[in-house]
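Grab a coffee and work through these short exercises on rings, burial and cores. Try each task before reading its solution.

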Amino acid sequence: MLATPSKPFARLVSWQVLFLRTLIGASTLITALAGATEANPAEAMAARTGGLEEIVVTATRREESISHVPISVTAFNQEMIDQKGIKDFQDVVRFTPGVTIDTSGTNAISIRGISSSGGAGTTGIYIDDTPIQMRAVGFNPDDALPKTFDLERVEVLRGPQGTLFGAGSEGGTVRYIMTQPSVTKESSYARTEVPFTKDGDPSYEAGVAHGGPLIDGVLGFRASAWYRFDGGWINRVDPTTGQETEKGANRANTIALRLAMLYQPVDNVKITPSFMYQNKRQHDLGTYWPAYSNPSAGQFNNATPERIPIPDEYYLPSLKVQVDFSHATLISNTSFY
């Protein structure tokens with residue numbers, strides 16, 4: 001019998017650049033509070049209690065504060081994603097009520113218990129304005145899990161969304177909204193991480209993104225590159241002798257690249273061509289055999305006679321044209337997934 005443990009978050013000890021940011025931010029906050037106490041006790045109390053961060057979403061195809069949207073929405077911006085250590089939708093599920101994902105190989109997302117193992121999907125999955133969910137025809141599809149690097153935000157819309165997001169959104173819709181290019185200002189983003197897994201191999205990641213105007217007010221760009229290596233913690237053994245044949249066989253590596261341009265010939269017209277590429281390669285299955293393992297001693301072994309790799313690669317070129325009128329907006333999105 002095989003055992004498929006959940007992703008070993010509890011066994012993961014991460015030393016991140018984000019930790020240093022937290023220490024610096026805490027020191028700055030303490031200093032600010034001390035100064036505010038002397039100057040204005042009311043302001044000091046407001047600083048201590050903090051305020052709710054307002055997130056602007058486009059769940060209704062127009063920009064609105066999340067507190068004003070008349071549907072059930074959970075949203076994560078890039079700062080929240082970094083703070084919570086979210087890498088893909090399997091991590092988003094941990095912080096989103098009413099949402100589950102099948103981690104046995106299909107990556108099928110279920111919202112409020114609505115799911116289907118055949119025919120059209122019940123959860124819409126979008127990267128910007130392109131749907132990427134797969135149709136189950138005689139077999140279980142393997143939906144892609146876009147990585148959460150250089151995202152403006154992730155929106156999870158619970159409940160039927162067929163009006164704005166098509167027939168494949170009976171249960172809800174998941175939207176990955178990438179950071180868009182700008183024709184007026186430059187911005188950069190970088191992230192690094194070196195985590196260690198108990199009784200397993202270390203992991204690491206690095207990514208950088210930058211964008212800005214090429215022709216001020218007319219032409220801009222956004223480019224990003226990200227790589228991650230996930231160390232393995234399940235070893236392969238010979239099923240007859242029990243001898244270890246490969247250490248950390250369930251290791252994986254992922255690369256993600258993106259380039260987007262923004263052409264704005266007039267104020268109310270935006271033309272955005274973009275290209276995305278992601279390639280994840282898992283060396284072997286993330287399952288172990290209890291009969292060949294000793295979990296209490298940190299020994300997890302897989303005795304499957306043959307190696308079963310899990311490749312996941314996709315390309316996504318797209319062209320979005322948006323024209324803003326006085327009382328309406330026309331959006332055209334042409335893509336190939």
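**Exercise 1.** Work out whether tryptophan 289 is buried, partly exposed or exposed, and classify its ring pair with tyrosine 292.

*Solution.* Keep in mind that this is a predicted model.
- Start with tryptophan 289: its relative accessible area is 24%. Buried needs under 20% and exposed needs over 50%, so tryptophan 289 is partly exposed.
- Tyrosine 292 comes out at 30%, so that residue is partly exposed as well.
- Now the rings. A pair of aromatic rings is described by the distance of the centres and the angle of the planes.
- For tryptophan 289 and tyrosine 292, the centres are 5.6 Å apart and the planes sit at 70°. Angles over 60 degrees count as edge-to-face, and that's the label for this pair.

**Exercise 2.** Do the same for phenylalanine 149 and tyrosine 189, then say which parts of the chain the pair ties together.

*Solution.*
- The structure has 11 aromatic pairs. In this one, the ring centres are 5.3 Å apart and the planes make an angle of 40°, so call it tilted.
- Next, place the partners. Phenylalanine 149 is in the loop between strands S8 and S9, while tyrosine 189 belongs to strand S11, so the pair links parts 40 residues apart in sequence.
- Check burial: phenylalanine 149 has 5% relative accessibility, so it counts as buried. Tyrosine 189, at 14%, is buried too.
- Finally, look for company: Phe149 and Tyr189 form one aromatic cluster with Trp226.

**Exercise 3.** Find the residues with the most contacts inside the largest nonpolar core, and list what isoleucine 109 touches.

*Solution.*
- The largest nonpolar core has 34 residues, and Phe89, Val99, Ile109, Ile127 and Tyr176 have the most contacts inside it.
- Strand S9 gives this core its largest share, four residues.
- Skip the neighbours within four places in sequence, and isoleucine 109 contacts Phe89, Val99, Thr100, Ile101, Ile114, Thr123, Ile125 and Val174.
- Apart from that core there's another one, of five residues, including Tyr189, Ala209, Trp226 and Ala256.

**Exercise 4.** Which ring does lysine 84 lie over, and what do the overall numbers for the protein look like?

*Solution.*
- Lysine 84 sits over the face of phenylalanine 95, 4.7 Å from the ring centre.
- Zooming out, the protein has five helices and 20 strands.
- Of its 337 residues, 42% are buried.
- The exposed surface is about 17,800 Å², with 59% of it supplied by carbon and sulfur atoms.

Definitions and conventions
Residues numbered from 1 in each chain as written. Predicted model: local features only at pLDDT ≥ 70, side-chain atom pairs only at ≥ 80, totals over all residues. Heavy atoms only, no water. Phe/Tyr/Trp six-rings, centres within 6.5 Å; stacked < 30°, edge-to-face > 60°. Helix = DSSP H or I, 4+ residues; strand = E, 2+ residues; numbered from the N terminus. Buried < 20%, exposed > 50% of the residue type's maximum accessible area, 1.4 Å probe, protein only. Lys NZ or Arg CZ within 6 Å of the ring centre and 35° of its normal. Areas by Shrake-Rupley, 256 points an atom, 1.4 Å probe, with all protein chains shown as cover. Core = buried A, V, L, I, M, F, W, Y, C linked by side-chain atoms within 4.5 Å. Contact = heavy atoms within 4.5 Å.
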